[in-house]
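Colleague: Before we go through this one, I would like the reasoning behind each label. Please show the model.

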Amino acid sequence: MIELKEISKKFGHTQAVNTISFKVEEKETLVLLGTSGCGKTTTLKMINRLIEPDTGQIIINGADITNQNPDELRKGIGYVMQNIGLFPHYTIAENIAVVPKLLRWEKEKIKSRTQELIGKLHLPENVLKMFPHQLSGGQQQRVGLARALVTNPAVLLMDEPFGALDNVTRSSIQKEFKALEELKRKTIVMVTHDVQEAFELADRICLMDKGKIIQIGTPKQLLYQPVNDFAKKFLASQKLALEFKVVNIQDIWSFLPKGTLQDGKAFPANLNIWEAMELLRNTDRHELLISADNKESKTVTFEQLTQGFNQFQTSQPHE
Amino acid sequence: MNEQQQTLWQFMQGQSDKLLNQTLQHVGLTFISLLLAIAIGLPLGILIARKRKLSGTVLGIAGVLQTIPSIALLGFMIPVLGIGAKPAIVALLIYALLPIIRNTYTGIIGIDQHIKEAARAMGMSRSQILLKVELPLAMPVILAGIRTATVINVGVATLASFIAAGGLGEFIFGGISLNNTNMILAGAIPAALLAIILDALLSLIQKMDFKKLRRALYVFPVVILILGGFYALPSAYGSTLTAGFTPEFMGRQDGDLGLRSVYGLKIHTIVISDAVMYKAAYAKELDVISGYSTDGRLKAFDLKILKDDKNIFPPYYAAPIVRNEALKQFPQLEETLNLLADKITDAAMTDLNYKTDYLHQSPERVAKDFLISIGLYKAPKNGHNGTIRIGSKIFGEQYILAEMYSMLIKGYTDYDVSTKTGLGGTKICFDALTNNQIDFYPEYTGTGLLVLLQPDAKVAKEMAHDKEKTYNYVSAEFEKKFKIKWLKPIGFNNSYALMMRRKQSKDLNVNTITDLKNYLDKN
């Protein structure tokens, strides 16, 4: 668990971060969202003491981080950054082995752990002997992730991890990222300015502006209960697409007809509307079998799906 | 051309042990100083990359040191460090410092910030970041600095021979003094080859990829250390007294060679420039030096001339030598120059030299005072009837003579004068004369005979100890060979002489060169 208590930081006359407090629960992914210069990266870097706060307190797993040696603290926190920052003079294997070597792991242990991660991150084995410049951007970012995960730290900090990638590569890595079992066990703080990405990956989003927190909450809360105009406007341009991603079939369950019971592969009800639509459009089936948590099953068509969604929308409280 | 190459080859073969010795010394000097420069420059570069505020000051100081002329720097070192290897290494170190500091600094600050941030974020300590990230990534740039420093050092190390630190400069400057092209080339070609080879080797290391580089970096310091060690090899030699001889003296029959063959003198000898030799003797760095009998520093530093009791030093009477064409072009020239004939005695010349060298009066003032004292001075006529070009070699006496001739020509004729003083040695001066760059300069009969004419040993031996014979011989030969005329001698005899500190000479009871030999044989 990470807790920030009234953290402030000034650079010269600029108040980069202004009395910020939040908690990140164990195994939760918190995304710091905002425009550039809003203080989100500064906030992130204070968590592993790359930047020291002027005032306030940061507690990780019950311990105040200012009482710890910064180098030791950082060895226990994974860090992924936009520019990846792989060492150009190290091979991929050596890059991944940096922290294990600092921790004096045995060679065999480093090797087997590296192999394991390479497999999980879908990197071909022959990259291990290559140098960073010989890899594509997407591969480099996977190596960056492997480097951060290799010692299995409980906390992972990510600074715009997919920012340097093209759209196609980005969405495929995001998907892998979401599916990666290792990451589900971690407490993650991630910085992004990409609203779609934030909604895709966050358990909770912390929307920031001018060094202050505007709103902190689940994607659904941000979308349906924005606290002010700024929060509303920030999401306005992509509202519909975000809603499709935030609302799942469970939410609109009551607006769906009973449907005819049918045998075949059933999808879980936590499928969001966007995913359900994609399945219906891209495959040759007209209907989708969904089974809810209570073992109840329904079949939906595209029309039924949109109708159910619209009814859900109008049932939501409006400001 | 073919013949020239062969004789150069023969010279190098004949002197191969000396050549090897000098080359090893040269490599040794280069690398000892390089090693020290790296030991100082690298940490300094790292320091100013950490504390950028210091960078301006440190780079500024290193830059200023770099601009001090090398000879001047060597001169400054003598009072503090004496002569020999120490000041030479320090001087070379100073020249090597700037490129190493600057490249270490730019190499480190040029590293991508994100890479440094990643290193910190992974929990590397400052020293781990330095050793594992910053230095390896900056290494190609640092190596480029070391490469520059190496090439600079190979060049500047030739000057080390001026202060008795050895190296290929001994051949180069000896050759210039002795008018011996083969000797110059025997020093210059290996020096140039050294620079080219070292540069190429370092560029190979610089272009290696990171993996090979990492291995090379373990070997590199060892190689530098071994090469630096070369310098220590040749110096196993000892006698109770130490002699410092100029490169010219070392190579001459009427110099070191004669001392060995005629007197059988065996003394630990180092090669040193004329400019610092007297001071080094005064400072007890040297005991015996090969000076000139009219040198002002003889008086200034209280040195005593050892009597040449077996007459190996031929007479060196000074006289102006003039191109015949110039005598035709300027009819009044000869009689004007001859005004000074037989006017300056040995003692008078020593005194004049003392005034410039030690009292630091300008040669112009010394010349004028002297001409006034013997009643020859006349105010300049400011004539414009053609310009006479006067040359001089690069030591005090020649400047004074050039000034006197300039005043006489301006005062007694309608000609104008331009002076080209400070031509670096006999060969350069004489080449300037034969190539119509100057019209005349003061030369010495002994030099004319032994350096410029170089007759076979028999003729030389027969001539060399007789003032008249020598003068007549050089006059006739110069007329025949070069169309150059020797005018009347000025009077003084500036011959080679061995000298010691007066007190030491008295203490050891050494008054002649034979005394010196006997003393050395006993001790």
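**Labels and their cut-offs**

Colleague: What makes up chain A in helices and strands?
Modeller: Chain A has 14 helices and 13 strands. Helices (H or I, at least four residues) and strands (E, at least two) are DSSP runs, numbered from the N terminus. This is a predicted model: local features need pLDDT of at least 70, side-chain atom pairs count only at pLDDT 80 or more, and totals for chains, interfaces and linings use all residues. Residues are numbered from 1 along each chain as its sequence is written, chains are lettered from A and ligands numbered from 1 in the order written, and side-chain values use heavy atoms, without hydrogens and water.

Colleague: How do you know that the radius of gyration of chain A agrees with a compact globule?
Modeller: The rule is 2.2 Å times the number of residues to the power 0.38, with the radius taken over C-alpha atoms. For 319 residues that puts a compact globule near 20 Å; chain A has 22 Å, so the two agree. Its C-alpha atoms fill a box of roughly 60 × 50 × 35 Å along the principal axes.

Colleague: Why is B:Leu339 called partly exposed?
Modeller: Its relative accessible area is 24%. Buried means under 20%, exposed over 50%, and partly exposed in between (1.4 Å probe, protein chains only). B:Leu339 is therefore partly exposed. In chain A, buried residues make up 51% of the 319.

Colleague: Where is B:Leu339, and what does it contact?
Modeller: B:Leu339 lies in the loop between α16 (333-337) and α17 (346-357) of chain B. Beyond neighbours within four places in sequence, B:Leu339 contacts (heavy atoms within 4.5 Å) B:Leu376, B:Leu408 and B:Tyr412.
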